[in-house]
Every structure is written in C-alpha cells, then in structure tokens.
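Hi everyone, thanks for making time. I'd like to walk you through a structure that is new to most of us, so have a look at it first and then we'll go through it piece by piece.

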Amino acid sequence: MKKKLSYMDSVHRDGRIWNLSMMLMLFMYPITVGLIYKTLPDWRGFALGLLATAPMYWAVAVVEVLTYVPMLGAGGSYLTFVTGNISNLKLPVALNALEQAGVKASSEEGEIISTIAIAVSSIVTTLIIILGVILITPLTPILNAPVLAPAFAQILPALFGGLGVVFISKNWKIAIAPVTLMLILFIFVPALNSSTVGIMVPVGVLFTMGVSRIMYKKGLL
Amino acid sequence: MIDLDFNVNSPVLFVIAGVIVAAVLAQSVYFLVKAWRRGVEIGMGKDKLKRIAITAGVFTIAPAVAIVISVITLAKDLGVPLPWLRLSVVGSLSYETIAASNAESAMGLTFGQVSSLSASQYVTIAWVMTLSIMVGIWLVPLIGKKLQNGIISLENRDKKWGDIFSASMFIGMISAFVGYVFCDFSNVFHGDMSGLIPALVMAVSALIMCLAGLLVKKTQWRWVSDYALPISLVLGMASAIPITGWLA
C-alpha cells in the first residue's frame, strides 16, 4: 500500500514539480520567439551580456535561497523563487503575516500563513501587472508623472521603516549590534549601495546569529 | 511557413508571454488552495485565513504599481510583452533593468535609447534576462527540503535558541536594509542633503507604525493592526514627495 504523504512532504513534492515545470516554461519564451522568427541569438552579445550579468546574480541567488527559505517556509519559497520580487514584496508580506499571527515559518501554521500571504501577493501582483499592460497607454503619463517619481523611488525605505520598527522594538537586544554594524558599513563604504544590498543580507544574518549565540550562551537573552 | 516581420509588440509575443504568465498564476492559485484547505483542516478558522489573505492583498498594491512603472520603463526599448513576462516571474525591478542594459550594451546598443530591435537582438536579450536569474527556481527544489528540515531539527533541540535563531534571521535581514537606507548619507557631509531623503522617509514610516501600535492598544481596533504596514508604506511613500521637494 502507498504511504500517505504528510502535508509538508506533499508541499515539497508539488513545489518541485511546479518549479521545474515553470523553469522549462520560462525557457520557452526565447526558444519559441527564435523558432517563430527563424533566428538565433547574437552569440557574441549573448556571451558578453551573460558574463556581465549572470555571475553576480547566480551568486546572489544561491545566497538568497540559503537565507530566505528558512524565513519563507516551504510553499512560500517555491512560489517566491518563481514569482520574484523577494525583498521588495514577498518577504515583507510573509514576515508581516507571520508576525501578526505570532508564529514561525517552520511550524505548520506558519507554513500555511506564509504560503497564503505569498500566494495572494503573487496573484494580486500578476493581476495588477496585467491591468497595467492592458491600460498602458492611458496609465503611462499618470504613473510617469514627475510629481509621483519620488514616492516610487522610496519604496524600500518606506517598507523597512514600518517593518523594521516592529521587529527591532521586539528584539532590541538582538538588533543593536547588527544595525550599528550595517549603518557604519553602508555610510562609510561607498561600494555598498542598492546593487550590493543583496550580498549584505546574509552578512547581516550570519553576524546577528553569531552575536545572538554569544549573548545566549552568556545568559544575556 | 510565413515569414513574419519582427516587432517588439507583435501579438504573437503577447500570446507566448500570456501563456507563461497564466501558468505562474495557476501555480499561485494551486498553492493558495492547498494551504487554505490544510488551514481549515487543522482548525485555523476561515476568518483568520481570510484576514491574512486580505492584508497581503492590500499590502501588495503599492509595490505592484511600482512594478507596472518598471514595465513601462523597460517597454520603451523592449516592447510590452517581454517586460510584462519578466516582471511577472523571477527577478525584480532592479535586476531586469541591469540584465537588459548589459545585454544591449554587449551588442553595442544603449539602454533607453533603442528605437528598434532585430529578432536576433531581441532573442539575445530575452536569453540573457532569463538565464541570469534562473538559479533560485531549481535550487529551491534541490535543497529546500533539507534546509527546512535542518531548521526544524535545530529548533526542536533547543526551543529558546530556536526562537532567538529565527528572530536573528529576520533582524539580520532587516538590519541590512536599514543600513542600505543610509547608503547615500555620507553625501550630507559634502553638503548634499538629498542623502537624508531615504532616512527621513523611513523615519516617517516607522513613526506611523508606532502610532498605529498605540492606537491599537488604546482602542483595540483589530483592523488598524491588520493594515498598519500597508498604511505606513503608502504614507511613507507619500511623505517622500514633500521631503524630496525640500531636500533635493
């Protein structure tokens, strides 16, 4: 008789099937366009473009998987790494939902909450983009209006202000050292900016874990 | 076979992109239904699940509009279908721009100033944008389960440390983004006050979150707590308009 899978096992099984299928589907776009228009890529441009882009983003992706999967839970991770926009959308949405419910992503309830929040966020994003694509002509002058530009340029500060104050105030002892370190690094190291923040996330996570472990062992937490 | 003239906004490109976007949507719906059913099964209550879903949906609106703006930006060079697809799947606002710009400059084009693309150039850009972001999508199926089981067994060994470990992950991630908000702060030392803009926007958003917290304590209004984050996000973004006008 077949053994009944646990909920978590079935999430992993379905996630694997979906993600690998989606990967193949994503390759379909350049392949199909190439076939329809009977053309091959400009190989030199392809190699140079890939060399300039891929190494950094491949490295960032490995680091993101290692850092974010424990925070997002299983279902949430499979979805997030297909739908993208992790730090500016999926992660805050999941964190906020987990925080409000007072559970961790590794518990079954947390797994369900995180998956629902990320799935709804993905659906809403996809539908808004579809709406934007349909209405692109009337929307372009409105959304590109110079008066709105500063608001959309400051999404991350507006996001992490609200989110940060909740988490930092609840865990202020843990937060002092990493926040101080990151402020010093980002203010005084010019190379650290919006393109390198992805690399600094695991640095922050590892540093915080190290400091927390020492404080925990010394009975300070 | 008919020879088609290539156009970055050709209907056939919309159809291909549409099919893939529909599959992404299907995956999200599948996981939503699966988690929802399990939630009901273990007694989480439909009201609770509904509240999580609505809060997530409301919170998503402002960042999603920002993504639409990126579609519009990229559409100038690449037409609508490719940016539509790319921003509906793996990637982000900044990634797609960098990948497209690198692919274009590798072929001697300048990002933002491309008036027409050949089919070959278009396919090259699509390949670079697709391949450069493809790691997470297969790495999660490969190591996600092991990674999660590792975290669960760590938390089971020592519950208190498990809680601290989990809080440390979040705090470590948030501290990196708090630091990032100050990345242009050093310009202030050279008299350029625009470096203060992100820090002030973050402060406004944090203040609104604190006020929302106080309001919940005083009034016990649950809905304020549900919508505190989207409200602080939108008001923080709105505050960027006068703050930028003042300091830029």
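**A walk through the model**

Let's start at a small spot: Q220(B) sits in the loop between α8 (197–219) and α9 (222–247) of chain B. When I say helix, I mean a DSSP run of H or I with at least four residues, strands being E runs of at least two, and both are numbered from the N terminus. Q220(B) is not a glycine, yet its phi is positive, about 60 degrees. Is Q220(B) buried or exposed? Exposed, with 9 other C-beta atoms within 10 Å. The cut-offs, with C-beta atoms placed from the backbone, are these: 20 or more other C-beta atoms within 10 Å of a residue's own is buried, 12 or fewer is exposed, and in between is partly exposed.

Before going on, some housekeeping. This is a predicted model, where local features need pLDDT of at least 70 and side-chain atom pairs count only at pLDDT 80 or more, while totals for chains, interfaces and linings use all residues. Residues are numbered from 1 along each chain as its sequence is written, and chains are lettered from A and ligands numbered from 1 in the order in which they are written.

So how confident is the predictor? pLDDT is its confidence in each residue, from 0 to 100. Chain B has a mean pLDDT of 91, with 98% of its residues at 70 or more. Within chain B, helix α1 (residues 11–41) has the highest confidence, at 96, and helix α4 (residues 93–106) the lowest, at a mean of 86. For the complex, ipTM is 0.87 and pTM is 0.87.

Over in chain A there's another positive phi outside glycine: K38(A), near 45 degrees. K38(A) is in the loop between α1 (7–36) and α2 (43–72) of chain A, and it is exposed, with 11 other C-beta atoms within 10 Å.

Now, how do the chains meet? Chain A puts 131 residues into the contact and chain B puts in 131 residues; contact here means C-beta atoms, placed from the backbone, within 7 Å. On the chain A side that touches chain B, we have 87 nonpolar, 38 polar and 6 charged residues. For those classes, Ala, Val, Leu, Ile, Met, Phe, Trp, Tyr, Cys and Pro are nonpolar, Asp, Glu, Lys and Arg are charged, and the others, Gly among them, are polar.

Next, the core. A nonpolar core is a set of buried Ala, Val, Leu, Ile, Met, Phe, Trp, Tyr and Cys residues joined through C-beta atoms within 7 Å. Which members of the largest one touch the most others? Out of 149 residues, they are I116(A), A117(A) and I174(B). Helix α7 (residues 159–181) of chain B supplies the largest share, 13 residues.

Staying on that helix, I174(B) touches F160(A), L163(A), G164(A), F167(A) and I168(A), leaving out residues up to four places away in sequence. M173(B) is also found in helix α7 of chain B. M173(B) is buried, with 26 other C-beta atoms within 10 Å, and with that same sequence exclusion it touches T67(A), V201(A), G204(A) and V205(A).

Last stop, helix α2 (residues 46–78) of chain B. It bends by about 40 degrees at I61(B), and a proline, P63(B), follows within four residues. That bend is the angle between axes fitted to the seven residues ending there and the seven starting there. Just after α2(B), G79(B) has a positive phi of about 75 degrees.

Key: Contact = placed C-beta atoms within 7 Å. pLDDT = per-residue confidence, 0-100.
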